[in-house]
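Please look over the sequence and the model below before reading on. The paragraphs that follow go through the structure one region after another.

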Amino acid sequence: MTKGMTIIYPEYNGLYINLTNRCPCACTFCIRQRAADAEFDNVDTLWLEREPSTQEVIDAIKEESKTERFKSYKEFVFCGYGEPTEALDVLLEVASFLKANYTLPVRINTNGLCDLINKKPVAPLLAGKIDAVSISLNSSNPEIYEKTVRPVFKEKAFPALLSFAEQAKNYVPKVILSTVATTITKEDEEECTRLCERLGVTHRIRKFVALS
Ligand code: SF4
């Protein structure tokens, strides 16, 4: 696989920020499972030579802000080939920079395991810096979740995810737990909705996109 330094990239209506390739999970559907595939040779990907420093991320965003397309972005999103909260210090510093310099909302796409990764409660640290967290729930069933996500934290992962979601709503305006349509049963999907209602967060059912 060819590695580079793609720190930021446009996606949907947002400017996405790729901080790390580290992740404590090995989701069955994740592109990281295909790192050895030849399709990643000699193409621009989100595989990083090394993790960018805070200053490198800020410099990349400042450069991008000089372009015409910057005006089209509707949000900043921490999301790449890895779990953004693995690089928590950089994430928080960059988020502070974004809040101080731009008006666009800031979102984190996360597996929700940041408390276990960082060995401390992360939700309070997000206050005033992050407008939305989108957490991959995958299933309401802890066993199905563990089989799909294959976290190094094993059975501790699912309750930690739910606990983070519940905490996050006290510090972050919008907390979303997401599942992917057609990848779980209708019953499981409905149970996910009930679970989100109990937690007081939003359930978002994302459209299934097949990996080629
Ligand atoms: S949590 Fe995200 S980055 Fe990590 S293995 Fe799963 S899909 Fe990939």
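Where is K119 found? In this predicted model, K119 is found in the loop between helix 3 and strand 5, the latter made up of residues 132–136. K119 has a positive phi of about 55 degrees, although it is not a glycine. Most residues other than glycine have a negative phi. The side of the question that concerns solvent is settled by the accessible area: K119 has a relative accessibility of 74%, and because a value over 50% counts as exposed, K119 is placed in that class.

A positive phi in a residue other than glycine is also found at R150, where the angle is near 50 degrees. R150 belongs to the loop between helix 4 (142–149) and helix 5 (157–168). With a relative accessible area of 41%, R150 falls between the limits of 20% and 50% and is therefore described as partly exposed.

Helix 5, which begins after that loop, has twelve residues, and from its first C-alpha to its last it reaches 16 Å, close to the 16 Å expected at 1.5 Å a residue. Its buried residues are A157, F158, A160, L161, L162, F164, A165 and A168. The elements that cover these buried residues include strand 4, helix 3, strand 5 and helix 4, together with strand 6 (174–180) and helix 6 (186–199).

One of the buried residues of helix 5, F158, leads to another loop position, since F158 is among the contacts of S140. S140 is found in the loop between strand 5 and helix 4, and at 18% relative accessibility, which is under the 20% limit, S140 counts as buried. Leaving aside the neighbours within four places in sequence, S140 is in contact with D188, E191, C192 and L195 as well as with F158. The C-alpha atoms of S140 and I184 are separated by 9.5 Å, although these two residues are 44 residues apart along the chain.

Helix 2, residues 88–101, can be examined in the way used for helix 5. Its 14 residues should span 20 Å at 1.5 Å a residue, and because the C-alpha atoms at its ends are 20 Å apart, the model agrees with that expectation. Within helix 2, the residues L88, V90, L91, L92, V94, A95, F97 and L98 are buried. What covers them includes strand 2 (14–17), helix 1 (54–64), strand 3 (75–78), strand 4 (106–110) and helix 3 (114–118).

Between helix 2 and strand 4 there is a loop that holds P105, a residue that is partly exposed, with a relative accessible area of 36%. If its neighbours within four places in sequence are left aside, P105 is in contact with K74, E75, F76, K99 and D131. For one of these partners, F76, the C-alpha separation from P105 is 6.3 Å, while the two residues lie 29 residues apart along the chain.

On the other side of helix 2 in sequence, the loop between strand 3 and helix 2 contains Y81. Is Y81 buried or exposed? At 13% relative accessibility, Y81 counts as buried. Y81 and V172 are 91 residues apart in sequence, and their C-alpha atoms are 24 Å apart in space. A further pair is formed by E11 and E83, which are 72 residues apart along the chain and whose C-alpha atoms are separated by 17 Å. E11 has its place in strand 1 (residues 8–11), and at 30% relative accessibility E11 counts as partly exposed.

The last region to consider is the surroundings of the ligand. Which pocket does the ligand sit in? The ligand sits in the largest pocket, and the residues around it are C23, C25, A26, C27, F29, C30, R32, G82 and N111. Sorted by class, this shell has six nonpolar residues, two polar residues and one charged residue.

Notes
Residues numbered from 1 in each chain as written. Predicted model: local features only at pLDDT ≥ 70, side-chain atom pairs only at ≥ 80, totals over all residues. Heavy atoms only, no water. Near = heavy atom within 4 Å. 1 Å grid on protein atoms, 1.4 Å probe; cavity = no way out; pocket = protein on both sides within 12 Å on 5 of 7 lines; lining within 4 Å. Sits in = over half its atoms within 2 Å of the grid points. Nonpolar A, V, L, I, M, F, W, Y, C, P; charged D, E, K, R; others polar. Helix = DSSP H or I, 4+ residues; strand = E, 2+ residues; numbered from the N terminus. Expected span 1.5 Å × (residues − 1). Buried < 20%, exposed > 50% of the residue type's maximum accessible area, 1.4 Å probe, protein only. Contact = heavy atoms within 4.5 Å.
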